[in-house]
Amino acid sequence: MIIYGWRSAHLHTAKSQTAVCPSCNTKGSTIISVYSKHAHIFWIPLFPYGKTGVTECQHCKLVMKKKEMPDDIKSEYNNLKGDHKPHIWQYAGLLLISFLVVWFIYIGKQGKKMDQEYLVAPAIGDIYEFKTESGYYSTLKVMQVTADSVIVAPNDYEIEKKSRIYKIDKEENYPEYTYGISKTDLKKMYDSKEIYDINR
């Protein structure tokens with residue numbers, strides 16, 4: 001269950017010296033408060049998307065939203081709203097998302113770099129994750145390495161989702177049957193994305 005919605009955070013409150021309360025006609029008794037609205041998910045603020053505000057007369061306790069304010073009070077409210085920006089923490093979600101995007105890009109590049117090293121110097125036990133001709137996903141396990149080839153055992157099973165391939169990467173799923181792939185062909189398979197990941 002995803003919990004999301006909108007919340008407001010207090011920015012500033014000021015007392016008007018000139019506004020006249022439309023209810024009790026008291027001058028200088030109106031408090032103007034400005035709030036910054038933001039979207040949130042699991043109570044983590046994502047980004048601000050606007051401002052709102054209310055006024056309250058300290059004499060008669062009349063509370064007015066923006067659309068209820070007389071023009072003179074609304075003008076003061078708009079000036080106060082323009083002078084105050086959203087809190088930096090209201091951008092926390094965007095900052096977190098940006099960090100995660102940069103992190104995943106970095107991890108992806110590091111993974112590709114490691115894959116290239118594994119292709120040049122394969123080792124016994126390496127697992128090649130690949131897409132089968134039928135459109136499913138499976139693995140090859142390196143059983144032996146020669147000067148120009150690798151000897152692999154094909155997994156007995158395939159799976160529909162790439163993200164669940166770990167479920168079939170089990171020792172008992174690799175038969176005694178093996179065959180060889182030249183290092184040149186191995187690189188071609190990787191470059192064409194037939195082999196899309198290498199685990200060591």
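# A tour of the predicted chain

Of the 200 residues in the protein chain, 32% count as buried. The model is predicted, which is worth keeping in mind at every stop.

**Stop 1: the whole chain.** Show the C-alpha trace of the protein chain and turn it along its principal axes; the trace spans about 95 × 30 × 25 Å. The radius of gyration of the protein chain is 32 Å, whereas a compact globule of 200 residues would have one near 16 Å.

**Stop 2: the cartoon.** Switch to a cartoon view and look for 3 helices and 9 strands. Following the sequence, the order is β-β-β-β-α-α-β-β-β-β-α-β. Now consider contacts between residues at least 6 apart in sequence: 55% of them join residues at least 24 apart.

**Stop 3: the surface.** Turn on the surface of the protein chain. About 12,900 Å² is exposed, and 56% of that comes from carbon and sulfur atoms. Then colour by charge: the protein chain carries 27 positive and 23 negative side chains. The centres of these two sets are 14 Å apart.

**Stop 4: helix 3.** Select residues 183-191, which make up helix 3. Which residues of helix 3 are buried? They are Leu186, Met189 and Tyr190. Look down the axis of helix 3: the buried residues fall within an arc of 100°, so they line one face of the helix. A general rule helps here: an α-helix has 3.6 residues a turn, so residues three or four places apart point the same way. Next, select Thr184 and Lys188, which are exposed on the other side of helix 3.

**Stop 5: the cover over helix 3.** What covers the buried residues of helix 3? The cover includes helix 2 (92-120) and four strands to select one by one: strand 5 (127-131), strand 7 (149-154), strand 8 (179-182) and strand 9 (195-199).

**Stop 6: just past helix 3.** Select lysine 193, which follows helix 3. The phi angle of lysine 193 is positive, near 70°.

**Stop 7: alanine 121.** Go to the loop between helix 2 and strand 5, where alanine 121 sits. Why does alanine 121 count as partly exposed? Its relative accessibility is 42%, and partly exposed covers the range between under 20%, which is buried, and over 50%, which is exposed. To finish, select lysine 162 as well and draw a distance between the two C-alpha atoms: alanine 121 and lysine 162 are 41 residues apart along the chain, and their C-alpha atoms are separated by 25 Å.

Note on methods:
Residues numbered from 1 in each chain as written. Predicted model: local features only at pLDDT ≥ 70, side-chain atom pairs only at ≥ 80, totals over all residues. Heavy atoms only, no water. Helix = DSSP H or I, 4+ residues; strand = E, 2+ residues; numbered from the N terminus. Rg over C-alpha atoms; globule rule 2.2 N^0.38 Å. Buried < 20%, exposed > 50% of the residue type's maximum accessible area, 1.4 Å probe, protein only. Contact = heavy atoms within 4.5 Å. Areas by Shrake-Rupley, 256 points an atom, 1.4 Å probe, with all protein chains shown as cover. Lys, Arg positive; Asp, Glu negative; His and termini not counted. Charge placed at Lys NZ, Arg CZ, Asp CG, Glu CD. Arc of directions from axis to C-beta.
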